[in-house]
Amino acid sequence: MSHIPPLDPMVAARKGFRESEERLKRFWKAVTVEATDGGFVILLDGRAPKTPAHARFVLPTEAAARMVADEWGAQGEFIEPAAMPATRLAATAIDRVSQAREAVADEIAAYAGSDALCYLAEHPRGLVEQQARAWTPWRDWASGALGVRLEPAEGIIHRAQDPAAVARVRDLALALDDFALTGLATAVPLLGSAVLGLAVQRGALTGEAAFDLSRLDEAFQEGQWGVDAENADRTEARRAEAMLLERWFKAL
């Protein structure tokens with residue numbers, strides 16, 4: 001029986017692969033998905049790989065398993081970890097988040113205490129009006145749909161939120177399974193907002209729409225001063241990540 005190595009591409013992704021002899025060659029031809037006890041596994045030439053911590057790589061739904069399988073199937077001669085975001089999410093859920101759920105939920109709740117949607121510009125008028133128009137409905141949504149009432153403030157001085165609202169966000173996070181919790185823990189810092197992260201997780205917002213809401217200030221400045229090419233590339237990469245997270249939540 002041939003040996004299939006653990007998912008070293010994800011370990012490499014965290015460390016940062018160099019374009020060198022460290023690059024791993026593709027070692028499989030066919031990628032398939034199969035039902036198993038507790039969910040679905042991907043098979044590389046009929047054999048199931050392991051996570052970096054050598055755990056069983058089992059996904060909770062067939063759709064999520066196919067997201068991962070598609071990434072493995074799309075690899076060329078060499079494995080490109082950066083092109084495997086769903087694989088990294090799944091491995092993180094299994095190896096790390098499953099062992100630290102309380103701490104992960106605490107981090108998510110901390111964003112509710114300083115949610116980006118609660119810090120409104122004092123000027124210029126155009127940005128002030130844009131934020132009020134775009135962000136108020138989502139603070140209202142959080143209050144009505146989630147039971148999370150967050151109060152806005154003008155300027156950058158921190159305003160403490162009701163501890164009950166922050167605790168409610170923590171409870172909502174802990175109610176999720178490890179895979180959805182991992183997605184939320186990725187979405188919230190990406191968007192700077194627990195409200196926007198939960199809206200994507202629950203299907204109330206698309207990933208792209210949430211991302212656009214999260215960067216109103218930046219987009220306004222770009223409208224005034226133009227777009228820097230390097231920043232534009234970084235923005236598109238982050239937008240793609242938000243859209244991937246939307247797919248991840250739907251697959252779960």
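In this short talk I will go through two loop residues, Asp115 and Cys118, and then a small part of the strand pairing.

Please keep in mind that this is a predicted model, in which local features need pLDDT of at least 70 and side-chain atom pairs count only at pLDDT 80 or more, while totals for chains, interfaces and linings use all residues. Residues are numbered from 1 along each chain as its sequence is written, and side-chain values use heavy atoms, with hydrogens and water left out.

Let me start with Asp115, which sits in the loop between helix 4 (101-112) and strand 4 (119-120), where helices are DSSP runs of H or I with at least four residues and strands are runs of E with at least two, numbered from the N terminus. Asp115 is buried and yet has no salt bridge, the nearest side chain of opposite charge being Arg139, 7.9 Å away; here buried means under 20% relative accessible area with a 1.4 Å probe, protein chains only, Lys and Arg count as positive and Asp and Glu as negative, with His and the chain ends not counted, and a salt bridge needs a side-chain nitrogen of Lys or Arg within 4 Å of a carboxyl oxygen of Asp or Glu. A polar atom of the Asp115 side chain does, however, lie 3.1 Å from the backbone nitrogen of Val195.

Cys118 lies in the loop between helix 4 and strand 4, and it counts as buried because its relative accessibility is 1%.

Turning to the strands, strand 2 (residues 39-44) pairs with strand 3 in the antiparallel sense over 2 bridges, pairing requiring at least two DSSP bridges, and Val41 stands opposite Val58 in strand 3.

Methods
Buried < 20%, exposed > 50% of the residue type's maximum accessible area, 1.4 Å probe, protein only. Polar contact = N/O pair within 3.5 Å; in protein donor to acceptor, adjacent residues only side chain to side chain.
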